[in-house]
Amino acid sequence: MIERKSNNSALVVAFLGILAGWLFPSYFYIPIILGIIAIIIAVAMRKKYFVTLPISLSIAAIAMGIYDILLVYTNLFPTQGHL
């Protein structure tokens, strides 16, 4: 029986993507790139490690990057109180 563990490298990269999306919304490409890298790492090592948590965190990082694009480059979310 193969003992499967969590993939720490993919978890760290995905968490850094979420953190970058939260702290630096003007650099929207960083969470998208880190999310894609974490997905690649998780899928490449899926035989040995669990992939559910890194994939879900990677999707959340990519979603944060897309949200940052909408936040910074469109007026979809008013930031100056122009309601």
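This is a short tour of the structure above, stop by stop, with a selection to make at each one.

**Stop 1: the whole chain**

Start with everything in cartoon view, and keep in mind that this is a predicted model. You should find three helices and two strands. Walk from the N terminus and the elements come in the order β-α-α-β-α. Now switch on a surface: the protein exposes about 5,900 Å², and carbon and sulfur atoms supply 72% of that area. Of the 83 residues, 23% count as buried. If you draw a contact map, look at the pairs at least 6 apart in sequence: 76% of those contacts join residues at least 24 apart.

**Stop 2: helix 1**

Select residues 8-23, which make up helix 1. This helix has 16 residues, and the distance from its first C-alpha to its last is 22 Å, close to the 22 Å expected at 1.5 Å a residue. Next, show side chains for A10, L11, V13, A14, G17, I18, A20 and G21, the buried residues of helix 1. What covers them? Among the elements doing so are strand 1 (5-6), helix 2 and helix 3.

**Stop 3: helix 2**

Move on to residues 29-44, helix 2. Here 16 residues reach 23 Å from first C-alpha to last, close to the expected 22 Å. Colour P31, G35, A38 and A42, which are the buried residues of helix 2. Turn the view to look down the axis of helix 2: these buried residues fall within an arc of 65°, so they line one face of the helix. Their cover includes helix 1 and helix 3. Now rotate to the other side of helix 2, where I40 and A44 are exposed.

While you are on this helix, click on Y29, which is found in helix 2. Is Y29 buried, partly exposed or exposed? Its relative accessibility is 40%, so Y29 counts as partly exposed, a class that lies between the 20% limit for buried and the 50% limit for exposed.

**Stop 4: helix 3**

Select residues 52-73 for helix 3. It has 22 residues and reaches 32 Å between its first and last C-alpha atoms, close to the 32 Å expected at 1.5 Å a residue. The ones to highlight are P54, S58, A61, G65 and D68, the buried residues of helix 3. Seen down the axis of helix 3, they fall within an arc of 75°, so they too line one face of their helix. This buried set packs against helix 1, helix 2 and strand 2 (49-50). On the face turned away from the buried side you will meet the exposed residues T52 and I59.

Before leaving, pick L71, also in helix 3. L71 has 25% relative accessibility and therefore counts as partly exposed. Try the distance tool between the C-alpha atoms of L71 and F28: they are separated by 9.6 Å, though the two residues are 43 apart along the chain.

**Stop 5: the nonpolar patch**

For the last stop, bring the surface back and select V12, F15, L16, L19, W22, L23, F24, Y27, Y29, I33 and I37. Together these residues form a nonpolar patch on the surface, with about 1,100 Å² of accessible area. Which helix gives the most to the patch? That is helix 1, with six residues. Helix 1 and helix 2 each supply at least two residues of the patch, and Y29 from the earlier stop is one of its members.

Key. Residues numbered from 1 in each chain as written. Predicted model: local features only at pLDDT ≥ 70, side-chain atom pairs only at ≥ 80, totals over all residues. Heavy atoms only, no water. Patch = residues over 30% accessible without salt bridge, like charges linked within 9 Å, V, L, I, M, F, W, Y side chains within 5 Å. Areas by Shrake-Rupley, 256 points an atom, 1.4 Å probe, with all protein chains shown as cover. Salt bridge = Lys/Arg side-chain N within 4 Å of Asp/Glu carboxyl O. Helix = DSSP H or I, 4+ residues; strand = E, 2+ residues; numbered from the N terminus. Buried < 20%, exposed > 50% of the residue type's maximum accessible area, 1.4 Å probe, protein only. Expected span 1.5 Å × (residues − 1). Arc of directions from axis to C-beta. Contact = heavy atoms within 4.5 Å.
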